[in-house]
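User: I am new to this structure and would like to learn how to read its features one at a time. Could you take me through them?

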Number of protein chains: 4
Amino acid sequence: MRKIAVIGLGHVGVTVAYTIYAQGLCDELVLIDKNEKKLRAEEYDFKDAASRMLFHTEIKTGDYNELKDADVVITAFGDIEASVKSGDRFAELPINRAAAKEVGQKIKAAGFKGVVINISNPCDVITSILQHETQLPKNQVLGTGTFLDTARMQRTVGEAMNQDPRNVAGYVLGEHGNSQFIAWSTVVVNNKAASDLFTPEEIEKLDKLPVEGAWKVAFGKGYTSYAVATCAVRLAEAVLSNAHLFAPVSVYLDEYETYIGYPAIIGSKGIEAVVQLDLTEKEQEKMWQSARYIVRKY
Amino acid sequence: MRKIAVIGLGHVGVTVAYTIYAQGLCDELVLIDKNEKKLRAEEYDFKDAASRMLFHTEIKTGDYNELKDADVVITAFGDIEASVKSGDRFAELPINRAAAKEVGQKIKAAGFKGVVINISNPCDVITSILQHETQLPKNQVLGTGTFLDTARMQRTVGEAMNQDPRNVAGYVLGEHGNSQFIAWSTVVVNNKAASDLFTPEEIEKLDKLPVEGAWKVAFGKGYTSYAVATCAVRLAEAVLSNAHLFAPVSVYLDEYETYIGYPAIIGSKGIEAVVQLDLTEKEQEKMWQSARYIVRKY
Amino acid sequence: MRKIAVIGLGHVGVTVAYTIYAQGLCDELVLIDKNEKKLRAEEYDFKDAASRMLFHTEIKTGDYNELKDADVVITAFGDIEASVKSGDRFAELPINRAAAKEVGQKIKAAGFKGVVINISNPCDVITSILQHETQLPKNQVLGTGTFLDTARMQRTVGEAMNQDPRNVAGYVLGEHGNSQFIAWSTVVVNNKAASDLFTPEEIEKLDKLPVEGAWKVAFGKGYTSYAVATCAVRLAEAVLSNAHLFAPVSVYLDEYETYIGYPAIIGSKGIEAVVQLDLTEKEQEKMWQSARYIVRKY
Amino acid sequence: MRKIAVIGLGHVGVTVAYTIYAQGLCDELVLIDKNEKKLRAEEYDFKDAASRMLFHTEIKTGDYNELKDADVVITAFGDIEASVKSGDRFAELPINRAAAKEVGQKIKAAGFKGVVINISNPCDVITSILQHETQLPKNQVLGTGTFLDTARMQRTVGEAMNQDPRNVAGYVLGEHGNSQFIAWSTVVVNNKAASDLFTPEEIEKLDKLPVEGAWKVAFGKGYTSYAVATCAVRLAEAVLSNAHLFAPVSVYLDEYETYIGYPAIIGSKGIEAVVQLDLTEKEQEKMWQSARYIVRKY
């Protein structure tokens, strides 16, 4: 039996839950939110859809004890408004730090033994706090991190080449935030290296697009939801089916002493392995800068 | 090629669009909204998800000309806040009447030849206006109507019997609004008629639950979205695949001279046939009352 | 984690396995067959498809020990040629009786604690032997039985009414074999009772079609596979997701002292409940005849 | 409306059709086979499953005129027994050459304007004949070719690295037959080039596995079906949704004057573009050898 819990039913959390529900990806779906009225509203809205769904999913609500035998917990609490107002995901930190502590302790108290996938921002810092509070092994706690930013890069590079984003390989690394960067040495479009496809000027222009695009969405509708939710769901699927998915996520790297966006293999135990990239010196320096930026914020 | 357009990207419209997108139900998805900033934000949020989707869908935005070769248009404009504040879907009518005229004329001007599935409230009245303005044959314009309320009835009756809602057959008829009613003579749970399962007192109690449930969701989160979006998507699928789906929807009935919730067969041409029910006299009277209520509001 | 084992990789078993695999319905899929060469061929054919699948599934082969933590075992061993040659599913009994004993004992020895869904023919008898040998509670062992024949009835009645088979409700009861019968008192097409839709002559004609149709498929291609596999997969899904599915299956009925096709509620524990129908006297007599026919064959 | 026709309902063709049907990938599915008894058997087996399917698909049979408005035709005729007996896909050529001419002319006569995806072997030659006979533009006729062999390479290289096959990029090029080769310069596992991962001895060993694996399946069960069917279905999806899929398929290359396995972009018009690879000299020589081998066989 597949069991997933979603903690925090804001725009992102409830979209994650709905995506899982509409596609029958788990057998039990646990919804948790501090706002009781909102929680009940989403519960009934989901249950009203049950007879029109292609699959059956048991909807459970509100009880951290349900986490005891859950496979995956997706955390999506947060105060997106603070981030959007300031244009910096760290603006959410004061509120989310406290929430992360509380949620982490409750996850621990419930006896959860599965994998935590964190979406809450600032993603790398909150993932770190959740790992600390849950006392789960580091491989069992990860963040969506630059898995989303990589998808944005695939879109923007794809658009520049008039190609489907699936035909773009490569990774955005570092903070899920303004210090992230595209590791161009990893970018390949239809088997051609980025260095053969773009001039330095074009690369400089493309460099800014994923972050700019993210804020365009956030400013335009007050939050971002569909792309990040889709990323979280793919990671949850990889855990449930032990898919050995190769994906850049927020993962703890000893070298940098922090959670940070870097490729890893995702399976039923969370992070199976970190994949070492042969980055250029310039890219390595950017990793260090981004890591230092994250660590300073703890 | 399957092509669907969604007009109005509020909570409901964008959930409809996302559901279609995430499940690969069409090949081209056209998004239309008067709020240009919101439209762009949703467009980019969708496109940022493209490389993480299981299926490819072309996202197009903003242009009514795209409707020329679309199979289905789903209308979901509206001012839900007015409805929620007043507890009556007719509170949206003044605003939505004007919007329906404008949207209907634009659909007509675009040369649309497919099926309109309307969600905007008050559903039966707006569906009627859309049919009038688009000048499409009546069978090619329908509303989600009591397809949603029936799903709510299936849930509440199912809960009363400790049964999955799919095991509950039967229909809610009439206005998608406060004058709707459960046609108990059609309700069957696991091959047992409702009259053998419930006392009149229980039926009286159950009668109120679908409408109460709807407002509980609307008051709790400010709108309802997932169940109604799921209903609209199922109807769109029935049109695309010519599924001959038997479903209670907002359909034009000559006898009542209005669109109103009643079972019909849905296929590629929209309403293939209306299915005559053998209602009790009391139920027939309720149909008339509900129809008169709708007609007075035009 | 969802884990399903399929025992017997003939045309039916391998189609069941492929359907599950292609739709990502479980996380681990165990394939078992006595023909080692065939087993390896199917294993590699499945694994060669892995990089083109939308979902990840772990394919395991050959080892009954894998059943220890499986949720569902689907049994599909058998000698369909014997049945097809003779036009009677009981022709397979001598061979399948021995196979059922062996398979049942191996399932027991493996410590399997889930639900057995049997397809092997004659379905009701083999299901009974499997229950006896596995010593699992009777609710945890069921057969596809007349769930398939009911689907055939839905098709043939639907064709007679020019309706989609989903719009036809009602059940075929009794033996999954020549003594089965359509319980016309349960048949409803778009909310109209069969008695209002068909003359006795039409019903007599319709009565023979499901069985005739089955043999037409079997004689035409040497076996039947897609419809029965689809039925088995739907039952497996109902068990995995605890869907409380109302379906006519081969279920043990105390009254008849045998497994026989009759409606039940299917959930994570297998048969949750048997649903009592109000059959006509004539239908009750047919049930007894069919039950006696099955029991004589044990 | 999505419409697909499958010509030839042997093990492969019918698996293609079933995969499309079970996942609701098109709205109309046309089945064509010269064996009328087999055709009817598969038709009824499919239709018997209809009420248990999650999606509705119209099943049509036997009539080439249905191709007039079809989007995709998948050809899967052939005499696999001849291939399996001899261990060479060219053994099917004498029979399949005649069949290809006949089928191609019928496709032309029907006024088909979509994309032909050929599976029949020898794939590259039969694809060429089909293009010649249908007189469709070369981009609208393609073969599954080494899309399947590439999947096998992804599996075998993945197994060698203990990685999921999806984490292996790269292509098998040339004939879909014994002269095919792995273009190692394109092979990348989790962002590491094959040359950094394997010794020449290991590569020599890995080189043989895809072809060996194919024959292991074919000898073990008399044919191969699931992997090749999955490949064909993915290509059909790419055409239907205009996915711009980057995939190695059997495509006409002017340079080699033949259809041959090479990467291309697949969309609604079939081959949108051929992607030029920077192959090593040795790989280029292998391409020429493979091309010459195919051409000699015409």
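Analyst: Let us begin with the surface: the accessible surface of chain A comes to about 10,300 Å², and 50% of that area belongs to carbon and sulfur atoms. Please keep in mind throughout that this is a predicted model.

User: What share of the residues of chain A count as buried?

Analyst: A residue counts as buried when its relative accessible area is under 20%. In chain A, 66% of the 298 residues count as buried.

User: How does the radius of gyration of chain A agree with that of a compact globule?

Analyst: The idea is to set the value for the chain beside the one expected for a globule with that number of residues. For 298 residues a compact globule would have a radius of gyration near 19 Å, and chain A, with 19 Å, agrees with this. Along its principal axes, the C-alpha trace of chain A spans about 55 × 40 × 40 Å.

User: How many helices and strands are there in chain A, and how far apart in sequence are the residues that its contacts join?

Analyst: Chain A has 10 helices and 12 strands. If we take the contacts in chain A between residues at least 6 apart in sequence, 70% of them join residues at least 24 apart.

User: How far apart are the mean positions of the positive and negative charges of chain A?

Analyst: Chain A carries 33 positive and 39 negative charges, and their mean positions are 3 Å apart.

User: How should I read the relation between chain A and chain B?

Analyst: In general, two copies of a chain are related by a rotation about an axis and a shift along it. Here a turn of 180°, with a shift of 0.0 Å along the axis, lays chain B on chain A with an RMSD of 0.0 Å. The two copies are thus related as by a two-fold rotation axis. Moreover, 100% of the interface residues of chain B are also interface residues in chain A, so these copies meet through the same surface.

User: What rotation superposes chain D on chain C?

Analyst: Chain D is superposed on chain C by a rotation of 180° with 0.0 Å of shift along its axis, at an RMSD of 0.0 Å.

User: Where in chain B is B:Ser120 found, and is B:Ser120 buried or exposed?

Analyst: B:Ser120 lies in the loop between β5 (115-118) and α5 (123-134) of chain B, and it counts as buried because its relative accessibility is 2%. Leaving aside residues up to four places away in sequence, B:Ser120 touches B:Thr75, B:Ala76, B:Phe77, B:Asn96 and B:Ile126.

Key: Residues are numbered from 1 along each chain as its sequence is written. Chains are lettered from A and ligands numbered from 1 in the order in which they are written. This is a predicted model: local features need pLDDT of at least 70, side-chain atom pairs count only at pLDDT 80 or more; totals for chains, interfaces and linings use all residues. Side-chain values use heavy atoms; hydrogens and water are left out. Helices (H or I, at least four residues) and strands (E, at least two) are DSSP runs, numbered from the N terminus. The radius of gyration is taken over C-alpha atoms; the globule rule is 2.2 Å times the number of residues to the power 0.38. Buried means under 20% relative accessible area, exposed over 50%, partly exposed in between (1.4 Å probe, protein chains only). Contact means heavy atoms within 4.5 Å. Accessible areas come from the Shrake-Rupley method with a 1.4 Å probe; for residues, only the protein chains shown count as cover. Lys and Arg count as positive and Asp and Glu as negative; His and the chain ends are not counted. The place of a charge is taken as NZ of Lys, CZ of Arg, CG of Asp or CD of Glu. Copies are superposed by least squares on the C-alpha atoms of residues with pLDDT of at least 70 in both.
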